[in-house]
Amino acid sequence: MTQNLKIEAKFLLSASSLADAPQPSLSEVVFLGRSNVGKSSLLNALCDRKNLARISSEAGKTRMINYYEIKARRDQEQIALRFVDLPGFGYAKASKAERESWGENLSQFLRRRRSIRLFLRLIDSRHIDLPQDKVMSDFIRAATQPDQTSMAVYTKADKLNRRERDALLRLKPDALLLSSVSKEGLDKLWELIIEAIAGA
Ligand code: GTP
Ligand code: MG
């Protein structure tokens, strides 16, 4: 992990509804993205843990909102924060009515929850122009308050070949490419997370 950064992570609670959220006593980083994009895997990789959040090749694994308590320590400095792992955005197998009520709930929750410092919008680096991701990006833009940050990150970079990687970087020169498998980009992401939290 990044220079001398020590991470301690533990599961806090699973909430089946946004109303069951814990007290907003710590800064929060929210992992958003469509089902199977690699939210839970990224959370695990950032904490250097294999089974903290459950992952699955089957879409829709994460059904609850899972909160994790994280301590990041570097030298004498310690930062406490929470990671929030959400179910897949616009999960396809849910009914339209379910998706709409979930979306409405989520947007109210995100607007009210001022403890959120950073929204990480996960996008599969092999499919960067999916309409669902555009919906997610518009949705987050509308919910983000001036004191919050939202950031797109590109997952599964290990699956890109040279040509695909070059094409993505030509289109998005500043794209943060991540892989939970090869660990690419994780140090950089930690820097950005700490910056977003400490700058609060
Ligand atoms: P939901 O909980 O359904 O919303 O999915 P999720 O976004 O949490 O995805 P999850 O982390 O469960 O990963 C989905 C699948 O993608 C699993 O089979 C993972 O092993 C795989 N995966 C996740 N990240 C990576 C990555 O960086 N590289 C590769 N090659 N596979 C990945
Ligand atoms: Mg998940």
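Start by selecting helix α2 (residues 96–112) together with α3: the two pack at an angle of about 40 degrees, and their axes lie 9 Å apart. This is a predicted model. With both helices in view, note that the crossing of α2 past α3 is right-handed.

Next, show the side chains of the contact. From α2, select G103, L106, S107, L110 and R111; these meet F139, I140, A142 and A143 of α3. By class, the residues of this contact are 6 nonpolar, 2 polar and 1 charged.

Keep α3 (residues 131–143) selected and add β2 (28–32), β5 (116–124) and β6. The helix lies across these strands and runs at about 170 degrees to β5.

Now display the whole sheet. It is open and has 6 strands in the order β1-β3-β4-β2-β5-β6, with mixed pairing. At its edges are β1 (6–15) and β6 (149–155), each of which pairs on one side only. On average, neighbouring strands of this sheet are turned by 25 degrees against each other, direction ignored.

Go to the β1 edge and select strand β3 (residues 65–74) beside β1. The two pair in the antiparallel sense over 9 bridges. To pick out one of the paired positions, select L13, whose bridge partner in β3 is Y67.

Finish in strand β4 (residues 77–85), where R82 is found. Is R82 buried or exposed? R82 has a relative accessible area of 4%, so this residue counts as buried, the cut-off being under 20%. Add S25 to the selection: a polar contact of 3.2 Å joins its side chain to that of R82.

Methods
Residues are numbered from 1 along each chain as its sequence is written. Chains are lettered from A and ligands numbered from 1 in the order in which they are written. This is a predicted model: local features need pLDDT of at least 70, side-chain atom pairs count only at pLDDT 80 or more; totals for chains, interfaces and linings use all residues. Side-chain values use heavy atoms; hydrogens and water are left out. Two strands pair if DSSP finds at least two bridges between them. Helices (H or I, at least four residues) and strands (E, at least two) are DSSP runs, numbered from the N terminus. Axes are lines fitted to C-alpha atoms, for helices over the stretch in contact, and angles run from 0 to 180 degrees between N-to-C directions. Contact means heavy atoms within 4.5 Å. Buried means under 20% relative accessible area, exposed over 50%, partly exposed in between (1.4 Å probe, protein chains only). A polar contact is a pair of N or O atoms within 3.5 Å; within protein, one must be able to donate a hydrogen and the other to accept it, and residues adjacent in sequence count only if both atoms are side-chain atoms. A crossing is left-handed if the near helix is turned anticlockwise from the far one by less than a right angle, and right-handed if clockwise. Ala, Val, Leu, Ile, Met, Phe, Trp, Tyr, Cys and Pro count as nonpolar, Asp, Glu, Lys and Arg as charged, and the others, Gly among them, as polar.
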